[in-house]
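Work through the exercises below with the sequence and the structure side by side, and try each task before reading its solution.

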Amino acid sequence: MKKTLCLLLSVILFFTLSAVNVFALDDSSLQSANDDETANEQAVDSMVVFGDSISAGFGLPDFDFNDNSKAAQSFSNLLCQRYHLTYGKNCFNFSHSGYDSAEILSDVKAADKGILKNADVVIFSLGTNDILKVFDDCIHKEYSENQESWVKAGAAIDSGIKAPLIDSVLSLFAAKNKTDAQSLMLSDSIINRFQKQSKDAVLKCEANIKETISYLREIGCQGEIYFVSPYEAGYSLYQNALFNHLHSVFRKLCDTMIALSESREYGYSVSVIDLMSDFEDQYQKMTLVQQSDIHLSKDGHLYVADKIEELNKLNQKQRISEQNTLRHRTAPYSNTIVLVIFGAACAAVITIIIYSIITRRKK
């Protein structure tokens, strides 16, 4: 009888210690996650940037068409420095001046899948050239159809290779002696042509963004995705019919990006830096529009870098919080299993003891 009781008590003790150990491990794991939260909330081991001239740093004094690392004050290079990354090793900028969303999508698909899969942060600056290429096309068609009138009015526009035509248009409206040329630019035929074509441009850009996000997730990229929205700086200086419509098209494209980031299908770890709203009263500080250049100034790049860093910090905190919530939800199940086994063992011990007492009395 004594041997039996000793054995049973040993069983109870074993399960008691097991239960305490499980609870302790669960509490310690949760505490460890909380302790690591602050240390890891801004940890970025790899960053990839795709985009156009804005993310390449066009307009900055040290910009180089062939080397995106040269523009030290671009938002991509500022983030690379802040996250202590090495350009070409764990910080990559595949931006190209003049690229639209279709060309950027091609760049994404051509990039090394290993780089994309391991990226903690993927940044896109796109949409501007989708709209400006349509705008350029409308201007060139109007010019070719009425070339004599345009030349006579002094509205001959050279789009060049390294700058969008919009810069030339801004310079045109800045000239006080070009009133005839300005009138041609504000003609109903140009605005109507642009209104029709810009709708398709927004839809095509939306489709390319969807495909870009889907592709990244398909290859296993779980990093945070950030879209730097397009903006329309000319509206801050010239609020006429042409720039009003340009502004409304860019607003539509920006709202489309935001809707995609918030949708159930594409809203996982996707954020949009809404420069249309953020720059509303600050275009002359955040861009080079006063020099007839729509690109970001140093202040503009600094703003974007700060915004992405801030959002990334919040997003990582949210991820850690979700992981902790999941642990809290699953922990009770493992604890319940231990308690059930422990209870069963105790019941078995009690049953055996009672049975032993009754048997002994009968004897």
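**Exercise 1.** Locate His84 in this predicted model, and decide whether His84 is buried or exposed.

*Solution.* Begin with the position along the chain: His84 lies in the loop that runs between helix H3 (75-82) and strand E2 (91-93). Next, take its relative accessible area, which is 71%; since exposed means over 50%, His84 counts as exposed. Finally, look at the backbone, where phi of His84 is near 55°, a positive value in a residue other than glycine.

**Exercise 2.** Carry out the steps for Ser292, and decide whether Ser292 is buried or exposed.

*Solution.* Ser292 is found in the loop between helix H13 (283-286) and helix H14 (298-362). Its relative accessible area is 15%, and because buried means under 20%, Ser292 is classed as buried. Turning to the backbone, phi of Ser292 is near 60°, which is a positive value in a residue other than glycine.

**Exercise 3.** Find the strand that holds Glu224, and then work out which residues Glu224 touches, not counting those up to four places away in sequence.

*Solution.* Glu224 is found in strand E4, which covers residues 224-228. With a relative accessible area of 4%, Glu224 is buried. Leaving out residues up to four places away in sequence, Glu224 touches Asp120, Val121, Val122, Ser269, Asn312, Asn315 and Arg319.

**Exercise 4.** Describe the chain as a whole, starting with how many helices and strands there are.

*Solution.* The chain has 14 helices and five strands. Of its 363 residues, 45% are buried. Among contacts between residues at least 6 apart in sequence, 77% join residues at least 24 apart.

Methods:
Residues numbered from 1 in each chain as written. Predicted model: local features only at pLDDT ≥ 70, side-chain atom pairs only at ≥ 80, totals over all residues. Heavy atoms only, no water. Helix = DSSP H or I, 4+ residues; strand = E, 2+ residues; numbered from the N terminus. Buried < 20%, exposed > 50% of the residue type's maximum accessible area, 1.4 Å probe, protein only. Contact = heavy atoms within 4.5 Å.
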